[in-house]
Amino acid sequence: MNNGYYQNLNNYPNQTYAPTTISTEFPLEQSYIENILRLNKGKYAKFYCSFPDSIEWKDRVFTGIVEQAGRDHLIISDPSTGKWYMILMIYLNFVEFEENINYSPDFTLKGL
């Protein structure tokens, strides 16, 4: 059954039908929030979070020291209580430091 749809494909000699390749390399600038937090490991800060589905914890502020940061999470320790928290990045609104923030727009994973 040929309805004429495919018969004209060869009539376009300048068209190529090669598969498209997709680059998997990351851009040079990777100033994602987790990288900025990694540059500030060991610093004390306030972490403002919102939990839209929670009745008890709609908005909450965590205080503590940046211990680790991943693409989707943040781990902090609160020296005043001895508690450790893992906070999902989707709930993090902003971070407030009481000292200068280490920042590099050309962050690389080398040396961490």
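Modeller: Two strands are said to pair if DSSP finds at least two bridges between them. With that in hand, we can read this model, which is predicted.

Colleague: Which elements does the protein chain hold, and in what pattern do they follow along the sequence?

Modeller: The protein chain has one helix and five strands. Along the sequence they come in the pattern α-β-β-β-β-β.

Colleague: In which sense do S1 and S2 pair, and over how many bridges?

Modeller: Their pairing is antiparallel and runs over seven bridges. One of the residue pairs to look up is Ser-50, whose bridge partner in S2 is Asp-59. S1 also pairs with strand S5 (residues 92-97), in the antiparallel sense and over five bridges. There, Phe-47 has Val-95 as its bridge partner in S5.

Colleague: Stay with Asp-59. Where is Asp-59 in the chain?

Modeller: Asp-59 belongs to strand S2, residues 59-69.

Colleague: Is Asp-59 buried or exposed?

Modeller: The cut-off matters here: exposed means over 50% relative accessible area, and buried means under 20%. Asp-59 has 59% relative accessibility and therefore counts as exposed.

Colleague: What does Asp-59 contact, leaving aside its neighbours within four places in sequence?

Modeller: Asp-59 is in contact with Cys-49 and Ser-50. The C-alpha atoms of Asp-59 and Cys-49 are 5.8 Å apart, although the two residues are ten places apart along the chain. With Ser-50 there is also a side-chain polar contact, at 2.6 Å.

Colleague: How do I read the two faces of strand S1? Which residues lie on the covered face and which on the uncovered one?

Modeller: In strand S1 (residues 44-50), the covered face holds Ala-45, Phe-47 and Cys-49. The uncovered face holds Tyr-44, Lys-46, Tyr-48 and Ser-50.

Colleague: Take Phe-47 from the covered face. Which residues of the largest nonpolar core touch the most other members?

Modeller: A nonpolar core is made of buried residues of nonpolar kinds joined through side-chain atoms within 4.5 Å. The largest one here has 14 residues, and Leu-37, Phe-47, Phe-62 and Leu-74 touch the most other members. S1, S2, S3 and S5 are the elements that give two or more residues to this core. Not counting residues up to four places away in sequence, the residues that Phe-47 touches include Phe-62, Leu-74, Ile-76, Leu-92 and Val-95.

Colleague: Turn to charge. How many salt bridges does the structure hold?

Modeller: Side chains of opposite charge can pair when their charged atoms come close. This structure holds one salt bridge. The side chains of Glu-34 and Arg-71 form it, at 2.7 Å from N to O. Glu-34 sits in helix H1 (residues 33-39) and Arg-71 in the loop between S2 and strand S3 (73-78), so the pair ties together parts that are 37 residues apart in sequence.

Colleague: Is Glu-34 buried or exposed? And is Arg-71 buried or exposed?

Modeller: Glu-34 counts as buried, at 4% relative accessibility. Arg-71 counts as exposed, at 53%. Beyond residues up to four places away in sequence, Glu-34 touches Ala-69, Gly-70, Arg-71 and Met-89.

Colleague: Now a polar residue in a loop. Where is Asn-40 found, and is Asn-40 buried or exposed?

Modeller: Asn-40 lies in the loop between H1 and S1. With 0% relative accessibility, Asn-40 counts as buried. A polar atom of the Asn-40 side chain lies 2.8 Å from the backbone nitrogen of Asn-102. Apart from residues up to four places away in sequence, Asn-40 touches Val-66, Phe-97, Asn-100, Ile-101 and Asn-102.

Colleague: How far apart are Glu-98 and Tyr-44 in sequence and in space?

Modeller: They are 54 residues apart in sequence, and 7.4 Å apart in space from C-alpha to C-alpha. Glu-98 lies in the segment after S5 and counts as exposed, at 64% relative accessibility. Leaving aside neighbours within four places in sequence, Glu-98 is in contact with Tyr-44 and Lys-46.

Colleague: And for the whole chain, what share of contacts joins residues at least 24 apart?

Modeller: Among contacts between residues at least 6 apart in sequence, 51% join residues at least 24 apart. Of the 112 residues, 21% count as buried. The accessible surface of the protein chain is about 9,000 Å², with 53% of it belonging to carbon and sulfur atoms.

How values were computed: Residues numbered from 1 in each chain as written. Predicted model: local features only at pLDDT ≥ 70, side-chain atom pairs only at ≥ 80, totals over all residues. Heavy atoms only, no water. Helix = DSSP H or I, 4+ residues; strand = E, 2+ residues; numbered from the N terminus. Buried < 20%, exposed > 50% of the residue type's maximum accessible area, 1.4 Å probe, protein only. Contact = heavy atoms within 4.5 Å. Areas by Shrake-Rupley, 256 points an atom, 1.4 Å probe, with all protein chains shown as cover. Polar contact = N/O pair within 3.5 Å; in protein donor to acceptor, adjacent residues only side chain to side chain. Salt bridge = Lys/Arg side-chain N within 4 Å of Asp/Glu carboxyl O.
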